[in-house]
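This report goes through selected features of the structure shown below. It begins with strand pairing and then turns to single residues and to one whole chain.

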Amino acid sequence: MFDFLAYPMANLILLLYNLLGQSTIAAISALTLLINLLILPLTLSQQRSARKMQEFQPELEKLQKKYANNKEKLAQEQMKLYKEAGINPMGGCLPLLIQMPIWFGLIGAIRYAIPSTPLELFQFSHHIYKWLPGVVGLVPLQSTFLGMDLGQPPSPAQWWSYSLPVLVLVTSWLQQKLLTPATTGDSQSQSAAMNRQMQIMMPLMFMFFTLQYAVGLSIYFVLSSVIRIVQYYLIQNGRSGEKVDGRARSKGQA
Amino acid sequence: MNRFWTWRWPIALAVLAALLLGASGCASGPVRATSWTGLTVVGDVLYAADLTQIQALNAADADSLWAFPEDPEEDGRGTFYVTPAVDEDHVIAASQMPPAGFLGQPRNVVWALDRDTGSLLWHFDDAASQYVEGGAIGGGVFVIGNSDGNVYALDVESGDLKWTFETGHRVWATPLIVSDTVYVGSMDRHLYALDLADGRVRWDFPTQGAFAGTPALRNGMLYVGAFDNRLYAIDAETGTEVWRFESGNWFWGGPAVYDDIVYAADVEGNVYALDADTGEEIWHRGLDTPVRAGLTLSEDGSRLFVSGQGGALYALETARRGADSWRPVESEGQALSTPAVNESIVYEALIYGQHRILALYVENGGEVWAYPNVVEE
């Protein structure tokens, strides 16, 4: 279904593999960096959106209390607030949706470049861009990293390969925690409960999926989360002194 | 909009979960084959990996002689793909059994069966990954490569592990045993000559591409293709290159040799006839289909059988520069494994089709039988 993305990505992995000393882990890492650069405007917008939501949380809470019995009015007032503040309510989930095809493409690309079944390899043999320098004879790529097979899901035979899905869990949890708008005031509110739930559910889901797929995919998830975390701190440091932090502000008002 | 805002994450999560489940195959219907099934014909019997069973069929009419397991519903032994290896007393094949539980792993098992009855003699399940192609029997030893990168040598009578040889990548090629030497290619881009007795390396031949096909032997010379688009002629004794022939794409299936001519096909469907001594091209013919399978010659060497991915079986006249001996026989499904042939019948294995085996007359391509015999209502 996502082969239209998987084939170009698999060929990009081949090119990077050839350029980076025939190292699969280096190729996947470089591809992760490239993808994150490509979607940087989206992730920045997601982070900005989260930050603004954080800053306007007290106002939102006030509206929720004020219009507790009038949902329609509450929605109108919230939309008005979003509009005035320049917040896109879709800003948080849009990057996530846009990244989905990339994940599916990457799942396919790893499956083709380091195939675990012969049918996948045979299929890919007809989609290698022969005009790319040095790609003839590269497939299947060297698949071993720290004794793990990057083209296979974690397995008891390589028990240490389970550490990668665990790392996926930890880094994506940290990322979620940092990037999800903090809720204040009524900590029992539906929104707060949802956010807390999501901070646990999303990382668990990512871990679940990386348990099912090739270990190479875990590398992408871990590195992507680390990049977002670094990005977050860089933005935070960049704006420290410019504005009052949303959390501090809301605490001050509480 | 407020409701959407509140529920944005659960909605995103649900969409993500649905899409990931779809992509992972959890939400799909019947399991699709991930490899191709192989055939071996010995005398009057055709031994076939038939997905859930190993079948011994009467080669003339497809009557079932035995099947292992007899009832795969009750006594499932996993999925059988690899070409069965057959000697006087044994039929040896391998399957992958599904994982037990969420975190369970598939079991990869070699099964040795009594050639006459199909009863189980022994099994071996130490390999960590999938068997893709079959093994070879020689000198009382069964040798098979595995996706875990190892070559396993088992005592053919007891199933005891005699030795393993670790390569640097998956081993998807069926080994060739000649006298006391095992020749086997690996995805690590090496062709190895191993001592049959202990697995010691006699020589290894490095190239720029993976090996996935079985070498062919003639007059002390090995012929084998690789994923670097080259077909190599290698001295079987020393492992030195004698000549190489370059094509436009990978060589996957093993070549065939008859008299002084080597026949090979690349995955784009170009079939080559080369001088076995010099590697010079005698003729080549492009088929309109990708070719994964190895080539098979009729017993008298007059016809070359090629299975195309699209399901067609070609019979090329070797004396007429690969002209069709008879019109290619089109079938539903994909034909990715090497055809098997006896004196008068050629057999083609299919996946994803109505029939899984097709038997055709060597002389004219007429259908002898199709298995399973599906009756139209």
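Two strands are said to pair if DSSP finds at least two bridges between them. The model described here is predicted.

**A sheet in chain B**

Two bridges join strand E26 of chain B to strand E27 of chain B, residues 303-307, and these two strands run antiparallel. Across this pairing, B:Leu297 stands opposite B:Leu304 in E27(B). The pair belongs to an open sheet of four strands in chain B, in the order E26-E27-E28-E29, with antiparallel pairing. Strand E26 (296-297) and strand E29 (323-329) of chain B are the edge strands, since each pairs on one side only.

**Backbone features in chain B**

Which residues does a cis peptide bond join? One such bond lies between B:Phe68 and B:Pro69, and another lies between B:Tyr371 and B:Pro372. B:Pro69 is placed in the loop between strand E4 (64-68) and strand E5 (79-80) of chain B. B:Pro372, in turn, is found in the segment after strand E33 (367-371) of chain B.

Positive phi values appear at B:Leu51 and at B:Asn219, although neither residue is a glycine. The loop that holds B:Leu51 connects strand E2 (45-50) and strand E3 (53-58) of chain B. B:Asn219 sits in the loop between strand E18 (216-218) and strand E19 (221-225) of chain B.

The angles of these four features are listed here.

| Feature | Angle |
|---|---|
| cis peptide bond, B:Phe68 and B:Pro69 | omega about -10° |
| cis peptide bond, B:Tyr371 and B:Pro372 | omega about -10° |
| B:Leu51 | phi about 60° |
| B:Asn219 | phi about 45° |

Is B:Asn219 buried or exposed? A residue counts as exposed if 12 or fewer other C-beta atoms lie within 10 Å of its own, and as buried if there are 20 or more. B:Asn219 has 9 C-beta neighbours inside 10 Å and therefore counts as exposed. B:Leu51 has 17 C-beta neighbours inside 10 Å, so B:Leu51 counts as partly exposed.

**Chain A as a whole**

Chain A contains 11 helices and two strands. Read from the N terminus, its elements follow the order α-α-α-α-α-α-α-β-β-α-α-α-α. Chain A has 254 residues, of which 39% count as buried. Where contacts in chain A link residues at least 6 apart in sequence, 75% of them join residues at least 24 apart.

Notes
Residues are numbered from 1 along each chain as its sequence is written. Chains are lettered from A and ligands numbered from 1 in the order in which they are written. This is a predicted model: local features need pLDDT of at least 70, side-chain atom pairs count only at pLDDT 80 or more; totals for chains, interfaces and linings use all residues. Two residues are in contact if their C-beta atoms, placed from the backbone, lie within 7 Å.
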